[in-house]
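Student: Could we go through this structure together? I would like to start with the nucleic acid and then turn to helix packing.

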Protein chains: 2
Amino acid sequence: MKPTAAAATPQLLRRVNAQSVLGFIRNTESATGTELMNHTGLTRASVIAVCEDLIRRGWIRELDARGEDQPAGPRKGRPARRFEFNAKAGFVLGIDIGAATTTAAVADLRGTVVGRSSEGFRAADIPAAERIDVVDRACRGALAAAGTGPGSVLAVGAGIAAPVDRDGKVLVTQHFWSLFDVGLRAALQDLHGWTVLLENDANLAALGERWRGSGAGVDDLVVLLAGERLGAGVMESGRLLHGRGGAAGEMGYLDLVAGVGSSDGIASLARQWSAAAGGPAAGGPASARRVFEDAAAGDPAALAILDRIADRMARVIATVASFINPEQVVLGGAVADSAQALLPGITARLPRLTATPPRVTVSPLGDSIVTVGAVRHALDYVEANALELELSLSAGPRL
Amino acid sequence: MKPTAAAATPQLLRRVNAQSVLGFIRNTESATGTELMNHTGLTRASVIAVCEDLIRRGWIRELDARGEDQPAGPRKGRPARRFEFNAKAGFVLGIDIGAATTTAAVADLRGTVVGRSSEGFRAADIPAAERIDVVDRACRGALAAAGTGPGSVLAVGAGIAAPVDRDGKVLVTQHFWSLFDVGLRAALQDLHGWTVLLENDANLAALGERWRGSGAGVDDLVVLLAGERLGAGVMESGRLLHGRGGAAGEMGYLDLVAGVGSSDGIASLARQWSAAAGGPAAGGPASARRVFEDAAAGDPAALAILDRIADRMARVIATVASFINPEQVVLGGAVADSAQALLPGITARLPRLTATPPRVTVSPLGDSIVTVGAVRHALDYVEANALELELSLSAGPRL
DNA sequence: GGCAATATATTTAGCTTGTATCTAAATTAT
DNA sequence: ATAATTTAGATACAAGCTAAATATATTGCC
């Protein structure tokens with residue numbers, strides 16, 4: 001009979017307190033023992049013990065006494081030991097795997113992106129092995145640009161345009177993705193020993209937007225990712241919603257429900273919009289910005305198109321507002337550039353459609369929205385498991 | 001500068017382990033020290049220490065050695081001390097506050113309902129003080145029926161038909177509820193010293209359904225509560241969704257979005273259905289079961305009505321399936337009796353409307369669905385805060 | 001330059017809680 | 001009766017925290 005719960009031993013205290021110290025020091029430039037005492041509620045003795053533990057494990061470093069740029073602090077008294085988070089103790093990879101291209105970003109443990117690389121797929125229906133190879137090439141390129149190597153990667157976040165459940169398993173549906181993506185996870189694990197965290201791209205967009213986009217600090221946030229398709233990433237109370245099979249926010253069928261006919265529904269809206277904005281789906285850049293330029297110039301036909309799109313978007317947002325009641329909805333993805341023109345039309349319609357209209361904004365992250373979120377996802381994993389992860393210590397970045 | 005986090009002290013270990021022991025013993029008839037060791041992973045010494053702690057605090061009791069009905073266990077060896085959860089160490093109240101009536105249920109700490117009482121409101125627009133008085137009378141009645149008194153109440157869960165946010169605050173909207181409900185919380189707190197946990201009634205229905213209804217063990221669950229109005233309680237990953245202002249699942253406006261016209265929309269659907277089923281809203285029992293009886297008899301007009309209702313419900317469920325992807329949707333509330341007739345029509349339509357059709361069931365809890373959920377809500381609070389709560393120890397139930 | 005004031009570092013003692021291990025007790029089976 | 005078995009209880013010890021006393025390094029003033 002195996003225990004259902006692990007016993008709490010004194011070591012747990014150290015883990016909890018170390019996480020507390022590490023969590024604080026990660027978000028500050030550097031900290032003295034006294035500062036850590038004040039913020040964690042621990043006594044000095046415990047703080048020092050924890051710090052020495054963290055130094056031994058490589059997560060923080062002690063600065064030379066009285067270095068150069070010490071912040072003000074008290075001028076009198078024995079000088080304090082200063083500790084700083086070792087942001088270069090390892091790196092994370094954030095990957096955006098699209099239909100046509102894939103982008104990998106390398107970030108240090110504070111989330112600063114230090115390398116980036118993109119690769120295109122030869123065709124849409126290439127075999128799984130080739131697709132994995134292209135993704136791997138993008139990863140290696142990004143690592144090289146960062147001046148480090150595969151050995152320094154502590155976790156990998158990867159976004160795909162398919163439902164992914166809480167355990168990182170891809171929902172098997174009509175998407176051809178399903179077949180090759182489970183392969184990706186295992187492949188990168190086998191190739192480099194990486195821990196790969198698969199997620200839905202819209203979900204990662206939500207993480208990214210809350211971290212470094214226009215949803216900073218918003219706990220109840222929905223990101224509508226409109227690009228190759230329309231998907232929603234939903235955060236409630238600061239947590240991502242997955243649902244049973246990870247299909248929360250999958251609105252492919254929604255036009256049958258919310259629209260008056262499928263030709264005017266949500267799925268086609270994404271295509272229309274993408275085409276109008278010059279996205280990769282259809283239409284091409286020919287019909288591209290002209291709609292928006294014409295609309296800006298006052299052309300009635302172009303304005304009518306924008307109006308219809310705004311109406312559809314407002315209905316989608318109102319529906320999500322009814323079920324989720326988010327504080328804010330962010331429009332992101334390939335069409336974010338053109339979304340600004342839609343905002344007035346959308347916000348004007350919302351009060352008539354829902355009792356709880358959310359704030360609507362446009363993502364400032366551009367087409368890096370998914371990679372930023374993927375980096376955040378990987379960092380979340382690293383931060384949650386910091387004390388279980390082994391840092392291969394070395395001077396400087398490893399190759 | 002106040003600490004942002006509390007330091008983890010050795011006492012935390014005891015709290016964690018005591019919760020572990022208490023959590024196990026609560027869900028079993030009685031347990032020996034050895035059984036507790038096996039399930040918690042603690043050593044015997046720790047288990048005994050924890051148990052004696054819990055006995056001192058009143059949460060568990062030691063049974064007389066070798067009582068009557070000891071379960072099998074090992075036949076040889078020194079007889080084991082047996083501990084049991086003290087289910088009568090206190091009680092919780094679960095209240096359903098409707099528009100016309102209010103019902104209070106008293107349950108022991110295992111959730112067994114031991115008292116119940118209902119009171120009707122004189123009119124819909126009575127002043128707040130009177131409404132509070134009626135609720136209080138229902139509570140006293142239920143406590144009397146349970147053979148106990150206000151002093152034994154450890155927590156109160158109360159469900160109302162208005163948005164309630166995560167902190168138990170009522171969203172101020174058009175509902176007249178808002179005014180009086182904040183009053184209710186403070187009033188019961190002042191009158192009896194009770195901790196009152198306000199929640200949306202549909203949310204409580206979801207808690208109840210997952211606990212003792214048809215959603216047992218389902219982590220991603222939506223309950224559609226159709227009675228005086230139509231509301232949804234949404235659970236994702238075992239947690240209730242509130243959204244920014246607690247308005248998650250509020251579908252009052254949804255007909256503007258999902259319907260082709262408001263007269264055929266969701267809000268009117270609730271009225272139609274309620275009327276057809278003989279609910280309190282309109283129509284009365286005259287037009288009541290006849291629709292369902294006629295439909296069962298094959299009457300085309302009645303069948304058409306059912307069909308239209310099923311179509312609407314299927315669209316609502318499909319929409320929620322797109323955004324939340326629940327494993328199961330439960331139909332509950334006053335119309336649950338008649339919902340069985342709609343199931344085939346709903347489930348038949350779902351696959352065309354969503355890629356992730358949930359299982360659809362009808363609640364077996366009848367009109368106690370909200371009180372059951374309210375009891376569960378109160379128990380959740382008590383269980384989470386058990387070691388912080390003071391039990392006024394006494395022999396037998398207190399008055 | 002010496003000295004007080006100040007802030008931090010370090011040490012020591014003690015408390016809580018846990019594990020591990022050994023011995024005692026109570027019951028059943030032989 | 002005796003052996004086997006199972007649990008209870010006691011002892012020793014380790015991890016981690018607090019609290020209090022002591023030591024150290026720096027600033028500022030005389």
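Tutor: The discussion below covers a DNA strand and then a pair of helices, all in a predicted model.

Student: How many residues surround DNA strand D, and which are the closest?

Tutor: DNA strand D is surrounded by 27 residues, and the closest are Arg14(A), Asn17(A), Thr43(A), Ser46(A) and Arg81(B). Of the strand's atoms that come within 4 Å of the protein, 81% belong to sugar and phosphate.

Student: What are the distances from the side chains of Asn17(A) and Thr43(A) to a phosphate oxygen?

Tutor: For Asn17(A), a side-chain N or O atom is 2.7 Å from a phosphate oxygen of DNA strand D. For Thr43(A), the corresponding distance is 2.5 Å. In addition, Arg78(A) places a polar side-chain atom 3.1 Å from a sugar or linking oxygen of the strand.

Student: Which element gives the largest share of that surface?

Tutor: H1(A) does, with five residues.

Student: And the classes of residue near the strand?

Tutor: The surface near DNA strand D comprises eleven nonpolar, eight polar and eight charged residues.

Student: Now the helices. What is the angle between H6 and H13 of chain B?

Tutor: Helix H6 (residues 201–212) and helix H13 (residues 369–384) of chain B pack at about 80°, and their axes are 7 Å apart. H6(B) and H13(B) are therefore roughly perpendicular to each other.

Student: Which residues meet there?

Tutor: H6(B) contributes residues including Leu204(B), Leu207(B) and Trp211(B), while those from H13(B) include Val372(B), Val375(B) and Leu379(B). The residues of this contact divide into ten nonpolar, three polar and five charged.

Methods. Residues numbered from 1 in each chain as written. Chains lettered and ligands numbered in written order. Predicted model: local features only at pLDDT ≥ 70, side-chain atom pairs only at ≥ 80, totals over all residues. Heavy atoms only, no water. Axes fitted to C-alpha atoms, helices over the stretch in contact; angles between N-to-C directions. Helix = DSSP H or I, 4+ residues; strand = E, 2+ residues; numbered from the N terminus. Parallel < 35°, antiparallel > 145°, perpendicular 65-115°, else oblique. Contact = heavy atoms within 4.5 Å. Nonpolar A, V, L, I, M, F, W, Y, C, P; charged D, E, K, R; others polar. Near = heavy atom within 4 Å. Polar contact = N/O pair within 3.5 Å; in protein donor to acceptor, adjacent residues only side chain to side chain.
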